[in-house]
Amino acid sequence: MKIMLNGEERTLNGEWSLTRLMEELQLPPQRVAVEVNRQLVTRACFGQTLLHEGDQVEIVTLVGGG
Amino acid sequence: MVVYHHDRYSRQIRLAQVGEAGQKKLRSAGVVVVGCGALGSVLSDLLVRAGVGRLRIIDRDFVELSNLQRQVLFDEVDVQQRLPKSEAAVRKLNHINTEVQLDAVVDDLNRGNVHALLHGYDLIADGTDNFETRFLLNEASHQLNTPWVYAACVGTTGVVMPIIPHHSACLRCILDQPPPPDINPTCETAGVLGSVVHLAAAVQFTEILKMLLGHHAEITPGLISIDGWRNRVVRVVVEGPCRCFESQNYPYLKGQSGQQAIVMCGRNAVQIIPSSTRLIPLEEMADKLLATGAMLPIRNEFLIQMHINEYTLTLFSTGRAIIQGTADLATARRLYAQYIGN
């Protein structure tokens with residue numbers, strides 16, 4: 001399936017949860033904000049949120065420095 | 001020579017979004033900048049030049065040579081004099097615009113003084129370097145009904161989020177708790193690109209201006225992330241208003257959550273216990289610290305010990321740390337935030 005990840009097309013094969021996507025991208029789930037089709041997904045739901053063809057996914061990593 | 005107000009702001013007043021009425025609004029506004037490092041100094045410079053009426057700058061740190069790469073208000077003389085950052089900033093800003101009422105606070109913002117230091121201002125601007133203080137600001141903003149603008153940068157990434165209590169989402173809506181220190185890079189461990197500071201501070205300033213001018217419908221909702229290397233901006237829209245504080249639960253203000261710092265009796269040392277209870281992979285953390293050029297005289301499976309100037313920081317795998325060489329809570333919290341994170 002194809003999804004849009006931060007505005008860029010990405011092809012994924014098989015079943016993908018947000019948790020798996022985080023692992024693939026090597027992003028720490030404790031400091032990301034994720035939106036799927038313009039809906040915020042909380043961290044507790046990453047495991048059960050499955051991605052589908054055409055999903056628009058935005059991932060932002062929060063940082064703490066200043 | 002009298003420098004007329006009108007001359008100074010003429011190019012800003014010409015903007016349709018500002019005008020004469022807008023400039024008056026700015027002049028009557030008070031902003032408090034919490035933390036005057038990289039972001040705080042770029043932002044304060046913009047706010048003072050734009051002509052906000054009052055600006056309070058709070059910072060617990062003093063100027064060091066490693067700051068000059070990006071902290072635009074400071075110079076080598078400030079480093080030699082080891083001036084507190086808020087004081088050095090105010091001295092510099094006073095040369096830029098004497099019309100602004102400036103107030104330097106040399107202190108660590110914590111739950112004991114947060115109300116007194118933020119009360120009476122129209123807006124809180126985030127220039128802090130850690131999530132602990134931001135979670136406190138997030139609650140204080142809600143309790144005082146004062147908007148705040150989260151901004152941060154590390155590496156080549158900058159983030160900004162305008163937060164209006166009772167209207168927008170808040171920091172806790174997108175992050176249930178501060179990330180544990182070992183997955184939370186700091187400017188000391190990961191570095192920071194000078195230009196990304198300006199990108200983040202510029203976005204933060206514009207959102208602040210919209211708030212102060214009353215252009216509420218034009219405030220960018222949610223979280224803005226800027227990749228300063230690839231020149232990409234990503235936005236996550238979070239629907240407000242937040243429901244995080246419906247039962248007036250303010251764990252950071254009440255001291256039920258958050259980092260605990262205590263002076264160790266008779267030892268010239270401070271113990272810091274982080275809010276996160278997650279175990280820290282010490283090997284990984286030691287490698288990160290070594291990469292900063294730190295000396296780690298002791299590293300074993302139980303702890304890492306490092307020397308930072310006249311201080312010794314001992315980090316245990318639970319995230320607890322003892323900072324020897326000071327009995328000052330602010331200094332200890334500063335070192336923990338800089339090197340360990342949060």
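Two strands count as paired if DSSP finds at least two bridges between them. Strand E4 (residues 123-126) of chain B meets that with E5(B): two bridges join them, and the strands run parallel. The model is predicted. This report covers chain B, starting from E5(B).

## Strand E5 and its surroundings

In the parallel pairing, Ala125(B) stands opposite Val149(B) of E5(B). How many of the seven residues of E5(B) are buried? Seven of the seven are, so the strand is largely enclosed by the rest of the structure. Both of its faces are covered. One side carries Trp148(B), Tyr150(B), Ala152(B) and Val154(B), and the other carries Val149(B), Ala151(B) and Cys153(B).

## Aromatic pairs and charges over rings

Over all chains, the count of aromatic pairs is four. One of them joins Phe131(B) and Tyr150(B): the ring centres are 6.5 Å apart and the planes stand at 45 degrees, so the pair is tilted. The cut-offs explain the label, because planes under 30 degrees apart count as stacked and those over 60 as edge-to-face. Phe131(B) lies in helix H8 (residues 131-144) and Tyr150(B) in strand E5 (residues 148-154), so the pair ties together parts that are 19 residues apart in sequence.

Both partners are shielded. Phe131(B) is buried, with a relative accessible area of 0%. Tyr150(B) is buried as well, with a relative accessible area of 0%. Ring pairs also bring in Trp148(B), which forms a cluster with Phe131(B) and Tyr150(B).

Phe131(B) has a further contact. Arg134(B) lies over the face of its ring, at 5.7 Å from the centre. A second arginine is placed in a like way: the charged end of Arg320(B) sits over the ring of Phe316(B), 4.1 Å from its centre.

## Cavities

How many cavities of 30 Å³ or more does a search of the whole structure find? The search finds two. The table sets out their volumes and linings.

| Cavity | Volume | Nonpolar lining residues | Polar lining residues | Charged lining residues |
|---|---|---|---|---|
| Largest cavity | about 40 Å³ | six | five | no charged |
| Second largest cavity | about 40 Å³ | three | four | one |

H8(B) gives the most to the lining of the largest cavity, with three residues. The lining of this cavity includes Asn138(B), Ser141(B) and His142(B). Also among its lining residues are Ile163(B), Ile164(B), Pro165(B), His166(B), Cys242(B) and Phe245(B).

The second largest cavity is lined by Glu132(B), Pro181(B), Gln259(B), Pro274(B), Ser275(B), Ser276(B), Tyr336(B) and Asn342(B).

## Strand E14 and its two partners

Strand E14 (residues 321-324) of chain B pairs with strand E10 (residues 269-273) of chain B through four bridges, and the two run antiparallel. E14(B) is also joined to E13(B) by four bridges, again antiparallel.

Ala321(B) takes part in both pairings. It is the bridge partner of Ile272(B). Ala321(B) is also the bridge partner of Leu315(B).

E13(B) and E14(B) form a hairpin with four residues between them. In the turn, Gly319(B) has a positive phi of about 95 degrees.

## Backbone features in loops

Which peptide bond is cis, with omega near -10 degrees? The bond runs from Gly240(B) to Pro241(B). Pro241(B) lies in the loop between strand E8 (232-236) and helix H12 (251-254).

Two asparagines have positive phi. Asn231(B) has a phi of about 55 degrees, although it is not a glycine. It is found in the loop between strand E7 (223-227) and E8 of chain B. Is Asn231(B) buried or exposed? Asn231(B) is exposed, with a relative accessible area of 65%.

Asn309(B) has a phi near 50 degrees, a positive value in a residue other than glycine. Its place is the loop between strand E12 (303-308) and strand E13 (311-316). Asn309(B) counts as exposed, at 58% relative accessibility.

## A long span

Lys25(B) lies in helix H3 (residues 19-27) of chain B. Its relative accessible area is 42%, so Lys25(B) is partly exposed. Lys25(B) and Thr314(B) are 289 residues apart along the chain, and their C-alpha atoms are separated by 49 Å.

Methods
Residues numbered from 1 in each chain as written. Chains lettered and ligands numbered in written order. Predicted model: local features only at pLDDT ≥ 70, side-chain atom pairs only at ≥ 80, totals over all residues. Heavy atoms only, no water. Phe/Tyr/Trp six-rings, centres within 6.5 Å; stacked < 30°, edge-to-face > 60°. Buried < 20%, exposed > 50% of the residue type's maximum accessible area, 1.4 Å probe, protein only. Lys NZ or Arg CZ within 6 Å of the ring centre and 35° of its normal. 1 Å grid on protein atoms, 1.4 Å probe; cavity = no way out; pocket = protein on both sides within 12 Å on 5 of 7 lines; lining within 4 Å. Points joined across faces, edges and corners; volume = space filled by probe spheres on them. Nonpolar A, V, L, I, M, F, W, Y, C, P; charged D, E, K, R; others polar.
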